[in-house]
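Colleague: Before I rely on a model at the bench, I would like to learn how to read its features one by one. Could you take me through some of them, giving the general idea and then the case in hand?

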Amino acid sequence: SVMGFFSPTVGVALSDDEFWRTTNGGLSWTETGSQYTGYKSNIGLFVLNETTAFACSDNDRFMKTVDAGATWTSSVTGFGLDWSTLHFFDANNGIMAGAETFVENGQVVAKRYMLKTTNGGNSWAKWYDLPVAVTKMRFVSSTEGYIIGTTGLLMKTTDGGATWQEIESLITQPLKNIFIFGDDIILTGDGMSIARTSTISPVASFLLPVSTFCQGHTVVAINES
């Protein structure tokens with residue numbers, strides 16, 4: 001599930017096949033129609049400004065709102081991938097990453113690439129081939145951005161996504177989130193792994209002795225670092 005805000009009071013939350021909206025800073029939420037149901041594991045959301053946001057999901061779905069999440073339109077790209085993350089530089093120009101794995105003639109085939117649109121998602125073109133499935137995309141300017149993915153993938157672009165350079169993250173687990181604070185980047189992934197670019201090494205390695213269910217409102221994590 002993902003959440004984004006258009007203003008301090010108006011925001012949306014997307015989870016599975018449900019779209020929710022708040023107009024009072026999250027004190028209460030109402031369900032809104034998405035014109036599409038059947039989401040699976042991937043949901044990506046990017047809020048551009050106070051009225052416009054874009055979303056993507058499994059089954060080749062791309063969604064858009066121009067009224068701060070009150071209504072959404074849904075379309076397919078035609079490329080047939082499960083889309084996980086996207087970024088828009090303005091109302092027209094954006095990029096989106098996804099992947100699909102299937103069996104063809106007894107062989108496992110993987111498609112992993114990035115698409116580009118120049119008309120607000122009305123049409124898409126193949127933009128860049130990716131080495132593994134991507135989970136998150138973050139841009140800090142119109143040219144500098146980062147993507148993370150499975151097998152600890154960390155890549156950087158300095159030309160708005162036209163080309164990407166792989167950076168060693170020292171994490172082999174799938175990465176799930178990226179936090180950028182100036183030149184300092186913190187990565188989090190499966191296995192409770194955390195890495196930080198300022199040290200170029202894991203800063204913590206946690207082991208959960210039991211399943212991560214809240215039992216008695218307490219979860220114990222053992223720091224093995």
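**Reading charges, contacts and backbone**

Modeller: Let us begin with Lys-126, which counts as partly exposed because its relative accessibility is 47%, and bear in mind throughout that this is a predicted model.

Colleague: With which residue does Lys-126 form a salt bridge?

Modeller: The general idea is that a side-chain nitrogen of Lys or Arg has to lie within 4 Å of a carboxyl oxygen of Asp or Glu. Here the partner of Lys-126 is Asp-129, and the closest N and O atoms of the two are 3.2 Å apart.

Colleague: How many salt bridges does a search of the whole structure find?

Modeller: The search finds three, and one of them is a meeting of the side chains of Lys-156 and Glu-144, with a distance of 3.9 Å from N to O. This pair links distant parts of the chain, since Lys-156 sits in strand β15 (residues 154-157) while Glu-144 belongs to the loop between β13 (134-139) and β14 (145-149), 12 residues apart. Lys-156, with a relative accessible area of 28%, is partly exposed, and Glu-144 is classed as partly exposed on account of its 25%.

Colleague: Where in the chain do Asp-190 and Lys-176 lie, and how far apart are their closest N and O atoms?

Modeller: Asp-190 and Lys-176 form a salt bridge in which the closest N and O atoms are 2.9 Å apart. Here too the pair links distant parts of the chain, with Asp-190 in the loop between β18 (184-189) and β19, and Lys-176 in strand β17 (residues 175-181), 14 residues apart. Asp-190 is partly exposed at 28% relative accessibility, and Lys-176 is partly exposed at 39%.

Colleague: Which side chain reaches the backbone oxygen of Asp-190?

Modeller: The side chain of Ser-193 does so, at a distance of 2.8 Å. Ser-193 itself is placed in strand β19 (residues 193-196), and it is described as buried because its relative accessible area is 12%, where buried means under 20%. Asp-190 thus takes part in two of our features, with its backbone oxygen reached by Ser-193 and its salt bridge made to Lys-176.

Colleague: Which residues form the negative surface patch?

Modeller: The patch is formed by Asp-16, Asp-17, Glu-18 and Glu-31. If we take Asp-16 as our example, we find it in the loop between β2 (11-15) and β3 (18-22), and its relative accessibility of 44% makes it partly exposed.

Colleague: Turning to the backbone, what is the phi of Asn-59 near, and what is the value for Asp-60?

Modeller: The general idea comes first: most residues other than glycine have a negative phi. Asn-59 has a positive phi near 60°, and Asp-60, which is not a glycine either, has a positive phi of about 65°.

Colleague: Where does Asn-59 lie, and is Asp-60 buried or exposed?

Modeller: Asn-59 lies in the loop between β6 (53-57) and β7 (61-65), and Asp-60 is likewise found in the loop between β6 and β7. As to cover, Asp-60 counts as buried at 7% relative accessibility, whereas Asn-59, at 34%, counts as partly exposed.

Colleague: How should I read positions that are separated along the chain, and what separates the C-alpha atoms of Thr-77 and Phe-62?

Modeller: One sets the separation in sequence beside the distance in space. Thr-77 and Phe-62 are 15 residues apart along the chain, and 7.1 Å separates their C-alpha atoms. Thr-77 is located in the loop between β8 (73-76) and β9 (82-88), and with a relative accessibility of 13% it counts as buried.

Colleague: Is Thr-118 buried or exposed, and how far is it from Asn-92 in space?

Modeller: Thr-118 is exposed, as its relative accessible area is 53%, and it occupies a place in the loop between β11 (107-117) and β12. From C-alpha to C-alpha, Thr-118 and Asn-92 are 5.1 Å apart, although 26 residues separate them in sequence.

Colleague: And what is the C-alpha separation of Val-132 and Gly-98?

Modeller: Their C-alpha atoms are separated by 9.5 Å, with the two positions 34 residues apart along the chain. Val-132 lies in the loop between β12 (125-129) and β13, and its relative accessible area of 15% places it among the buried residues.

Technical notes: Residues are numbered from 1 along each chain as its sequence is written. This is a predicted model: local features need pLDDT of at least 70, side-chain atom pairs count only at pLDDT 80 or more; totals for chains, interfaces and linings use all residues. Side-chain values use heavy atoms; hydrogens and water are left out. Patches are made of residues with over 30% relative accessible area and no salt bridge: like charges are joined within 9 Å, nonpolar side chains (Val, Leu, Ile, Met, Phe, Trp, Tyr) within 5 Å. Accessible areas come from the Shrake-Rupley method with a 1.4 Å probe; for residues, only the protein chains shown count as cover. Lys and Arg count as positive and Asp and Glu as negative; His and the chain ends are not counted. The place of a charge is taken as NZ of Lys, CZ of Arg, CG of Asp or CD of Glu. Helices (H or I, at least four residues) and strands (E, at least two) are DSSP runs, numbered from the N terminus. Buried means under 20% relative accessible area, exposed over 50%, partly exposed in between (1.4 Å probe, protein chains only). A polar contact is a pair of N or O atoms within 3.5 Å; within protein, one must be able to donate a hydrogen and the other to accept it, and residues adjacent in sequence count only if both atoms are side-chain atoms.
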